[in-house]
Amino acid sequence: MPTDPPPAAASDFVPFATAALDFHRALNLPTSPVAASRAELDSLHAHLVALYGLLDAHTTSTSAVAAVEGDHLRACRIRLWQAADHLHTAFHTAPLPDTGRPPARETCRARLPEGAPELTVCQRHLATSARVRRDHTPSDLRDPFTGLTRH
């Protein structure tokens with residue numbers, strides 16, 4: 001049964017985003033070991049959350065027509081969310097800009113929001129986590145096994 005060709009896509013911006021990340025790394029990251037700033041971690045978190053959204057759209061549309069490929073994309077989407085979760089945690093343990101010291105251990109344990117603009121990363125993370133919890137089980141999100149060996 002013939003299928004209609006997919007509609008023509010708009011300009012593909014993903015290669016430009018990849019090139020921009022490579023360019024950013026080459027220009028802005030020193031060769032000497034330096035801890036990532038909170039602003040950099042926030043930007044990386046925003047990037048991963050946007051990439052999660054793109055993979056989510058691809059996973060949804062692909063799974064309906066190609067189950068195995070959709071399963072691989074689903075595993076990738078889960079790992080991407082885990083990376084975003086780790087970036088969110090890294091943001092909150094990174095040195096504060098005003099003192100240059102990490103937050104107090106009590107503050108980290110209490111998980112207190114630090115106020116604007118630092119709260120932006122939390123708002124983005126919580127908004128995406130609501131979607132993640134709808135699409136994945138807790139065992140999906142915590143299991144180190146990706147499921148890829150069954151293919």
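This passage describes the helices of a predicted model and three residues of helix H5.

The fold is helical. The protein has 6 helices and 0 strands. From the N terminus on, the order of elements is α-α-α-α-α-α. The chain holds 151 residues, and 26% of them are buried. The accessible surface amounts to about 10,600 Å². Carbon and sulfur atoms account for 63% of that surface. Contacts across long stretches of sequence were also counted. Of the contacts between residues at least 6 apart in sequence, 74% join residues at least 24 apart.

Helix packing was examined next. Two packed helices are described by the angle between their axes and the distance between the axes. For H2 (residues 38-63) and H3 (residues 67-93), the axes come within 9 Å. Their crossing angle is roughly 165°. Angles over 145 degrees count as roughly antiparallel, and H2 is therefore roughly antiparallel to H3. The crossing of H2 and H3 is left-handed. The contact of H2 with H3 contains 17 nonpolar, 8 polar and 6 charged residues.

H2 also packs against H5 (residues 119-135). The axes of H2 and H5 come within 11 Å and cross at roughly 25°. An angle under 35 degrees counts as roughly parallel, so H2 and H5 are roughly parallel to each other. H2 passes H5 in a left-handed crossing. On the H2 side, the contact involves Asp42, His45, Ala46, Val49, Tyr52, Gly53 and Asp56. On the H5 side, the residues are Val121, Arg124, His125, Thr128, Arg131, Val132 and Asp135. By class, this contact of H2 with H5 has 5 nonpolar, 4 polar and 5 charged residues. The charged residues include Asp42 and Asp56 of H2, together with Arg124, Arg131 and Asp135 of H5. The nonpolar residues include Ala46, Val49 and Tyr52 of H2, and Val121 and Val132 of H5.

Individual positions in H5 were then considered. Thr120 lies in helix H5. Its relative accessibility is 37%. Buried requires a value under 20%, and exposed a value over 50%; Thr120 therefore counts as partly exposed. Thr120 and Asp42 are 78 residues apart in sequence. Their C-alpha atoms are 8.5 Å apart in space. Asp42 itself is one of the H2 residues that meet H5.

Cys122 is also placed in helix H5. Its relative accessibility is 13%. That value falls under the 20% cut-off, so Cys122 counts as buried. Beyond residues up to four places away in sequence, Cys122 touches His88 and His92. Both histidines fall within the residue range of H3. Phe91 is 31 residues from Cys122 along the chain. The C-alpha atoms of Cys122 and Phe91 are separated by 9.8 Å.

His125 is a further residue of helix H5. With a relative accessible area of 6%, His125 is buried. Leaving out residues up to four places away in sequence, His125 touches His45, Trp81, Ala84, Asp85 and His88. His45 belongs to H2 and takes part in the contact with H5. Trp81, Ala84, Asp85 and His88 fall within the residue range of H3. His125 thus has contacts in both H2 and H3. His88 is touched by Cys122 and also by His125.

Methods
Residues are numbered from 1 along each chain as its sequence is written. This is a predicted model: local features need pLDDT of at least 70, side-chain atom pairs count only at pLDDT 80 or more; totals for chains, interfaces and linings use all residues. Side-chain values use heavy atoms; hydrogens and water are left out. Helices (H or I, at least four residues) and strands (E, at least two) are DSSP runs, numbered from the N terminus. Buried means under 20% relative accessible area, exposed over 50%, partly exposed in between (1.4 Å probe, protein chains only). Contact means heavy atoms within 4.5 Å. Accessible areas come from the Shrake-Rupley method with a 1.4 Å probe; for residues, only the protein chains shown count as cover. Axes are lines fitted to C-alpha atoms, for helices over the stretch in contact, and angles run from 0 to 180 degrees between N-to-C directions. Angles under 35 degrees count as roughly parallel, over 145 as roughly antiparallel, 65 to 115 as roughly perpendicular and the rest as oblique. A crossing is left-handed if the near helix is turned anticlockwise from the far one by less than a right angle, and right-handed if clockwise.
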